[in-house]
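Student: Please take me on a close look at one polar site in this protein, and then show me the aromatic side chains around it. I work with geometries every day, so please give the cut-offs with the terms.

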Amino acid sequence: MQELRNLFSLMVGSKRKYVDPSRAVEILKDAFKSSESQQQDVSEFTHKLLDWLEDAFKMKTEEDGEEDKPKNPMVELFYGRFLAVGVLEGKKFENTEMFGQYPLQVNGFKDLHECLEAAMIEGEIESLHSAENSARSGQEHWFTELPPVLTFELSRFEFNQALGRPEKIHNKLEFPSMLYMDRYMDRNREITRIKREEIRRLKEHLTLLQQRLERYLSYGSGPKRFPLADVLQYAMEFASSKPVCTSPVEDIDSSAPPGGTTGLQLPPSSLAEQDSLASPESSGSASGPASTLSAAQQQRAPIHKPFTQSRLPPDLPMHPAPRHITEEELRVLEGCLHRWRSEVENDTRDLQDSIKRIHRTIELMYSDKSMMQVPYRLHAVLVHEGQANAGHYWAYIYDPHQRCWMKYNDISVTKSSWEELVRDSFGGYRNASAYCLMYINDKKPFLTEEEFDKETGQILSGMDKLPPDLKQYVKEDNELFVKEIEEWNALQARKAQQEKMAVAAAAASAASSTSISSSSPQPMSIDGSPPDNAAPQQDPEYMEQPSLTNDSKHLQEDTERAISRATAEQEERSPEALLNASLDPPTSPQPEVQLTTPSIPPPDFVIEDESPGHHTVEVAIPNVGTFVIESEEGGYDDEFLLPGQAMMTPNMQGVIMAIGKSSRVYEKNGPEAAFFKALKLEYARLLRFAQEDTPPQNDYRLQHIIVYFLQNQAPKKILERTLLTQFADRNLAFDERCKSIMNVARAKLDLIKPEEVNMDEYEIWHQDYRNFRETTIFMITGLELFHKTNYVEALIYLTYSYQYNKELLSKGLYRGHDEEFLGHYRRDCLLKLNEQAAAMFESGEEPVVTTGLGIMNELVVPCIPLLLVHDTERDLLAVEDMRNRWCSYLGQEMEPNLQEKLTDFLPKLLDCSTEIKSFHDPPKVPAYSTLELCERYSHIMTTLCNVANHGR
């Protein structure tokens, strides 16, 4: 009892999303243990729970030793009394009995009142109302006292004698939101009996009227019946048709030419006669026996001519018509048929109106005010989905304060509607239906109204409703919950700090291993290589070092103006014009490198050096020059070189293009102006990509981190630092021009003060981009496996890509991929796996069945909560289809071992919790270069689009 008090108090005042009922459930399981090992259904459990609580309150009262024992609250709330009046072997009797849950049969009834009427009368009770007592036995139930909470137990299970197992009844049963119980009260016994007798007579008359109406609507003596009014109409249409004097059969026979289909049916003796009927032309052209033989052979070898032999005579009408009828006969017949049809239509209409009036009279039989004094409002509906031996339970409970229905489905509590309740509870629609209805007395507002403080008069809510001991218990649990949150946050912060330190250590190690010795200590030196402390390895501590020059503010303002100017010009001018624009007018005819596409011509690669983790390659770019690229594996912004091949990232391609297009500015105004020119061109190019509508086969966010940042509105400082880092790449030091521009970019990076760029925010944005790339790899791998019909492995990748993608999209619309697209393939993969597993189960072979059930238990079942948690229509239908597929096996004959396996598996499928649980460790995904990732993305998206178009 105390554990239940604790549980209910936590449900009232806990700060947790949900409370764990395990301790109370374990106590109840021990208390309700039976000698039989079979599982109890919910009705049995509820009966035992009410009895157990009643006994607990009784024991509590006895322990307190109170002389004036208070009434048991369980009895006061849930128990009522009824009077059993009847005849047993000719003797009348009356007994008063107590009830809690009132059982009602569902099979054979269409609504709750019909169930109640049948439950209130047992056996033959005519002798109760007659003057003579017979030996017949029967009884009536009349409620003498109804509880504030009236519970109806709907019996939706019956035992199938033929199959030897219970089955669920899925028939539709309607129930009202407001139920008036006056007709079932003992004080209204006589009135109700009169009305029941009147309803009985009306129903008998209704049956007769329906039988008469059926004779009009299904007329005829043969197997096919038609409405009589239509039969008369058809007869009148036939009589009015244009008469034809010749028989259609004779016309068709005579129109068939010799040797046709009709000629084949003639007896052999008539062949000679047909030969003698040959035309003069044919007899003149042939002589002697040869002519006769030829005709006979032609007769015995007919030629089928479908278009000429099946042609109807020109005077045959398109529909049947009388061959002989006079005008007088037609006039009399039309008059009779018209009159008879009108009479039949009037009789049919009168019968239908009479039936409607009787139905309406029966519906309004208890609508007078005297029979609407005991109103009960529907408060809760308990729903079961599944079959007799397995299923899933949830409940709908009405919230009188919010005035809406709430759906309680495991840990998920959501707002619902009467329409959804009807769909899930009435039955007849799917495997879900109500098995318990709870009504509360609408004239006892204390059941649902707010509680008020006796001293202040204020409304009590939450923990204010609890007694002191429970209030203290909830308070301590909430304090414990706060500590748990703090510990969890501290743990996550430590993990994040450790990861950050690991990244920084890795970057510092990479910097020390790949640094290049410099002959000049100045960062702006053009002749020598850049010093070690100028290499931009994305180390936050190093990036924040102050510049060695004295004009940091001037250079920083120049950089900001360059980006701002590029943005402004992009809004006013076309991308092509912007890309071809120059900062200064040309003063000499020196040609400038002109590139018409965002990418450069394919470079020629020559691998110079290749050591573990470090690669050097010589790259020759047309119109630009030949230079050496050094690369390290593992970064999204670096080149990734495989043995025998070399790749250049789109980031470096864009920077090299921009430097090539700024060569004239470099020759005229030096590296500083050339840097601004190249920066402007590259930023404008990436801004154009960010604003373009791209086909599904191409995603510029995978090619350029700046595009990802622009589409997601990253802070200006983050954009600026990221773009400067790309221009400061050590691989640009392949000639004097590029080396000078690279050194300018490095100098400007050094000039950025720590307080000007939030490095934590900078790292978060870059980590988000790394997560985006990782999610893309999961998605691409899953889609490739799906296309290869490897659904088992595909499901793992698609599931993780969907979850990771959802986390990305929670920060912004363009942080991840299309959620509906990923959801479609995840859902489709689950459905195909379900079909495969079902086919394996149907095979009946032990190893195959075990494999199929393993797929369901290890993959499909853990994924079902992921589909249910967001409650989308397509996902809910998919879950329902999967469950229905397996539930359909319950009514089929199968081997005992298969039946046992199915019985063990179905509860897992139907009772899967809405709590999300990891079903598998995330698979390890390899690191891909940007070009390889884009190529794989384009290939699989193109393939899927082609498959979809072919399917349409």
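**A close look around R701**

Tutor: R701 is found in helix α23, residues 700-703; helices here are DSSP runs of H or I with at least four residues, strands are E runs of at least two, and numbering starts at the N terminus. A word on the ground rules: this is a predicted model, in which local features need pLDDT of at least 70 and side-chain atom pairs count only at pLDDT 80 or more, whereas totals for chains, interfaces and linings use all residues. Residues are numbered from 1 along each chain as its sequence is written, and side-chain values use heavy atoms, with hydrogens and water left out.

Back to R701, then. Its relative accessible area is 8%, so R701 is buried (buried means under 20%, exposed over 50%, partly exposed in between, with a 1.4 Å probe and protein chains only). The side chain of R701 makes a polar contact of 2.8 Å with the side chain of D699. A polar contact is a pair of N or O atoms within 3.5 Å; within protein, one must be able to donate a hydrogen and the other to accept it, and residues adjacent in sequence count only if both atoms are side-chain atoms. Setting aside neighbours within four places in sequence, R701 is in contact (heavy atoms within 4.5 Å) with V707, Y708, Q711, Y769, F772, Y814, R815, G816 and H817.

H817 is a good next stop. This histidine sits in the loop between α28 (791-809) and α29 (819-843), and H817 is buried, with a relative accessible area of 7%. Its side chain has a polar contact of 2.7 Å with the side chain of T776. Beyond neighbours within four places in sequence, the contacts of H817 include D699 and R701. F772, T776, M779, N805, L809 and Y937 are on that list for H817 as well. With N805, 12 residues away along the chain, the C-alpha separation is 6.6 Å.

N712 belongs to another loop, between α24 (705-711) and α25 (716-727). At 10% relative accessibility N712 counts as buried, and a polar atom of its side chain lies 2.7 Å from the backbone oxygen of Y708. Leaving out neighbours within four places in sequence, N712 is in contact with W765, Y814 and R815.

Now for the rings. Y708, F709, W765, Y769 and F772 are linked into a cluster by ring pairs. Rings of Phe, Tyr and Trp (its six-membered ring) pair if their centres lie within 6.5 Å; planes under 30 degrees apart are stacked, over 60 edge-to-face, and the rest tilted. Charges come into play here too: the charged end of R815 sits over the ring of W765, 4.2 Å from its centre, and the charged end of R721 sits over the ring of Y762, at 5.5 Å. The test is that NZ of Lys or CZ of Arg is within 6 Å of the ring centre and within 35 degrees of the ring normal.

A search of the whole structure finds 29 aromatic pairs. One of them joins W886 and Y889 edge-to-face, 5.6 Å centre to centre with 80° between the planes. W886 is buried at 0% relative accessible area, and Y889 counts as buried at 3%. W886 has another edge-to-face pair, with F905, at 5.0 Å between centres and 65° between planes. W886 lies in helix α31 (residues 873-887) and F905 in helix α32 (residues 896-910), so this pair ties together parts that are 19 residues apart in sequence. Both W886 and F905 are buried.

Finally, a step back to the core. F709, from the ring cluster, and W886 are among the residues with the most contacts inside the largest nonpolar core, which has 101 residues. Such a core is a set of buried Ala, Val, Leu, Ile, Met, Phe, Trp, Tyr and Cys residues joined through side-chain atoms within 4.5 Å. A second, separate core of 36 residues includes L150, Y376, A432 and Y439. For the protein chain as a whole, 42% of the 952 residues are buried, and the secondary structure comes to 33 helices and 19 strands.
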